Amino acid sequence: MSAADGVVVGTTKLVDHGPDSARWTLVLLAEGYQQAELAKFHTDADAFVTRLFSTPPYTELWCALNIYRVDIASNGSGADDPAACADGAVGTGTMVSTFFDSTFCVAGTRRLLAGDEHLADTTAKAAVPEVDATVVIVNAAEYGGAGGLVAWTSTNAAAGEIAVHELGHSAFALGDEYGDTLNTYAGAEPNQPNLTIDTSRATTRWAGLIRATTALPTMDNPDCTTEDSRPSPVPAGTIGLFAGGNRYHCGLYHAEYRCRMRALGNPFCAVCAGTIKATLRTHLPMASGPVRGVQFTGTLAPRQTHQWFTHDWPACWHVIWTVSTTTPVTPGPGIDWHVRVERANRETITYWIEVTNLTSTSLDVEARYAIAARE
Amino acid sequence: MFVGIQFTGPVAAGASHTWFTHDWSPDWHVIWTVVPLTPVAGAPQLDWSVAVQRAGASAITYWITIHNLTSAAIDVEARYEVLD
Amino acid sequence: MVEQRPPEKPIPNRSWRLTFKYEGDAVTLVEQESVAMLAPPDDAALLERGQAGFHVELQDADGKPLYRRVLHAPIRDSYEVFSPEPGAAISHVPMDRPHGFFKVIVPDVAGGHSVVVVGPPSGIGRAAAVSGPIIRVQLHGKPPRKDEQR
């Protein structure tokens with residue numbers, strides 16, 4: 001099973017916020033979709049994009065991203081599903097010929113779903129040379145996924161969280177915030193932004209985010225041979241020092257009781273979110289132009305108020321509106337105007353511009369835009 | 001000229017929320033625009049107003065009040081455009 | 001407080017992307033590319049504070065770091081295993097033999113000469129071990145380092 005078991009069909013830009021050389025560019029690859037199933041891949045890829053847009057801080061840094069999908073038609077559908085796995089799980093025994101040769105039961109663990117990561121990486125780079133990160137969507141309903149050079153996720157509704165967690169590692173260097181088999185960390189301060197050994201209020205890594213009333217450590221682990229399953233002693237969202245990190249139960253601390261880098265199904269904590277933002281922020285659209293123009297003109301009767309709307313403006317553009325009257329009026333002001341904004345969908349904005357004629361004569365007006373950033 | 005996002009945050013249904021941002025240079029020509037982050041099609045979701053405070057000889061504070069015009073909470077993003 | 005000010009120096013949008021392969025402790029360069037993209041931000045502040053873990057450095061001909069970026073476990077000896085239940089514990093299973101690929105992206109800046117990947121030696125609990133150079137790559141078209149010239 002290999003690249004001989006499929007063909008790259010084409011590449012589509014799903015989220016276009018400008019040149020790839022400036023944006024943080026994510027590529028979604030199809031795995032285990034036959035030609036006739038590529039429409040399903042389109043739906044599955046859209047679902048992942050929607051998931052990412054709904055995941056803070058990606059939501060607020062959305063304009064920093066470009067996203068592509070690469071259609072790859074595999075000879076077979078799904079992923080290899082070994083009949084027996086070392087962890088005791090039972091599969092169907094079906095083996096399929098797919099482009100990336102993905103399989104469940106990697107390293108004897110059924111939920112580990114992965115394939116040829118090097119081929120996935122080179123395929124992504126061939127399709128989109130400026131790729132920053134790659135997610136492979138495997139056409140399999142069963143829960144599974146993995147990390148590494150690329151992130152792997154099945155189409156199971158809960159599996160997309162795997163890819164979001166793994167992007168936290170590969171793209172933003174976030175460390176794991178849990179312990180599993182290691183007891184007490186005795187090393188030096190880690191270089192990762194979301195972990196620390198420093199419990200001093202004055203010098204700990206995210207000292208500026210910790211309230212003076214929050215105890216430090218906020219939650220230490222009384223038994224370093226196991227994960228601490230007690231409830232949090234502080235309200236949700238409290239930033240402090242909570243034991244656990246880099247697979248150690250003790251000796252390393254993370255910032256909040258709940259974080260996606262500790263367990264899936266949680267939001268990113270403030271420190272992890274801040275780290276992601278710091279990287280994505282450099283990819284936001286810069287100032288350009290400004291590009292100026294007149295969007296519409298109209299006539300207002302005496303004392304009339306009228307609202308216009310103009311739609312399908314890219315949400316990432318910085319658009320400044322002004323309204324002027326082209327009818328000479330003396331003395332005193334002629335018009336007043338007001339702008340309201342609608343996020344019609346993930347990518348476009350509708351501007352509602354209300355103009356009031358303040359005079360007792362008809363006036364002609366024109367609405368002008370100035371686009372201060374486009375890409 | 002440079003642009004950016006100054007803050008994001010939620011505004012409750014039908015409510016207004018004021019943010020302030022301080023220590024801006026009085027020499028800068030700063031324009032503020034606001035957009036919703038929560039997609040809801042069909043009608044305007046927000047508008048905003050800006051009040052300005054000369055906090056010191058070399059510092060301006062902008063007070064940005066954002067009004068949610070809908071019956072559901074929305075997330076908003078305040079952007080600055082500095083023209084010089 | 002203003003979050004963004006005009007950049008003090010232009011951010012280059014050309015970078016070097018290097019892909020590496022590892023088999024056990026052996027790390028080799030697979031590919032080096034010049035790409036029109038932004039490198040991630042420099043992590044000098046993180047590394048001044050803590051050095052345990054992996055990072056990549058772009059160095060000049062004298063070995064002075066021009067750019068540094070933290071890396072999370074580019075060389076893995078285990079897989080993360082997840083659960084579909086929200087909040088469930090994450091665990092690891094060991095690889096039979098550590099193997100895989102990783103890549104780094106460093107900015108293409110004047111004076112950039114070599115790329116060095118730094119990290120702890122292999123073994124359980126490697127996160128706590130002292131880091132050192134794992135592999136050094138001289139960028140294409142660059143003369144040998146001054147301390148390497150004969």
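This is a short talk on two chains of a predicted model, chain A and chain C.

I will start with the sheet in chain A. It is an open sheet of 6 strands, in the order S1-S3-S2-S4-S6-S5, and the pairing is mixed. Strand S1, residues 6-15, and strand S5 are the edge strands of this sheet, each pairing on one side only. Further in, S4(A) and S6(A) pair in the parallel sense, over 4 bridges. To place that pairing on the sequence, take Val135(A): its bridge partner in S6(A) is Ala151(A).

Next, the helices of chain A. Helix H2(A) lies across S1, S2, S3 and S4 of chain A, and runs at about 120 degrees to S2(A). Helix H3(A) is a case of its own. Is it enclosed or not, and why? Of its 11 residues, 10 are buried, so H3(A) is largely enclosed by the rest of the structure. Among those buried residues are Glu161(A), His165(A), Glu166(A) and His169(A). The cover over the buried residues of H3(A) includes helix H1, residues 38-53, and helix H4, along with strands S4, S5 and S6, again of chain A.

Now the nonpolar cores. The largest has 135 residues, and the members that touch the most others are Val27(A), Leu28(A), Leu29(A), Leu113(A) and Ile137(A). Take Leu29(A) as an example. Beyond its neighbours within four places in sequence, Leu29(A) is in contact with residues including Val70(A), Ile72(A), Ala120(A) and Ile137(A). There is also a second, separate core of 15 residues, which includes Leu195(A), Phe242(A), Tyr253(A) and Tyr257(A).

On to chain C. It has an open sheet of 3 strands in the order S2-S1-S7, and here the pairing is antiparallel. S2(C), residues 26-35, and S7(C), residues 99-107, stand at the edges with a single partner strand each, so one side of each has no neighbour in the sheet. From one strand to the next, the twist averages 20 degrees. S1(C), residues 15-23, is joined to S2(C) by 9 bridges. One residue to look for is Arg17(C), whose bridge partner in S2(C) is Glu33(C).

Last, the contact between the two chains. How many residues does each chain put in? Chain A gives 54 residues and chain C gives 43. On the chain A side, the elements that each supply at least two residues are H2, S5, H3, S7 and H4. By class, that side has 22 nonpolar, 21 polar and 11 charged residues. Helix H3(A) therefore comes up twice in this talk: it is largely enclosed, and it supplies residues to the side that touches chain C.

Notes. Residues numbered from 1 in each chain as written. Chains lettered and ligands numbered in written order. Predicted model: local features only at pLDDT ≥ 70, side-chain atom pairs only at ≥ 80, totals over all residues. Contact = placed C-beta atoms within 7 Å. Nonpolar A, V, L, I, M, F, W, Y, C, P; charged D, E, K, R; others polar. Pairing = 2+ DSSP bridges. Axes fitted to C-alpha atoms, helices over the stretch in contact; angles between N-to-C directions. Core = buried A, V, L, I, M, F, W, Y, C linked by C-beta atoms within 7 Å. Buried ≥ 20, exposed ≤ 12 C-beta atoms within 10 Å, placed from the backbone.
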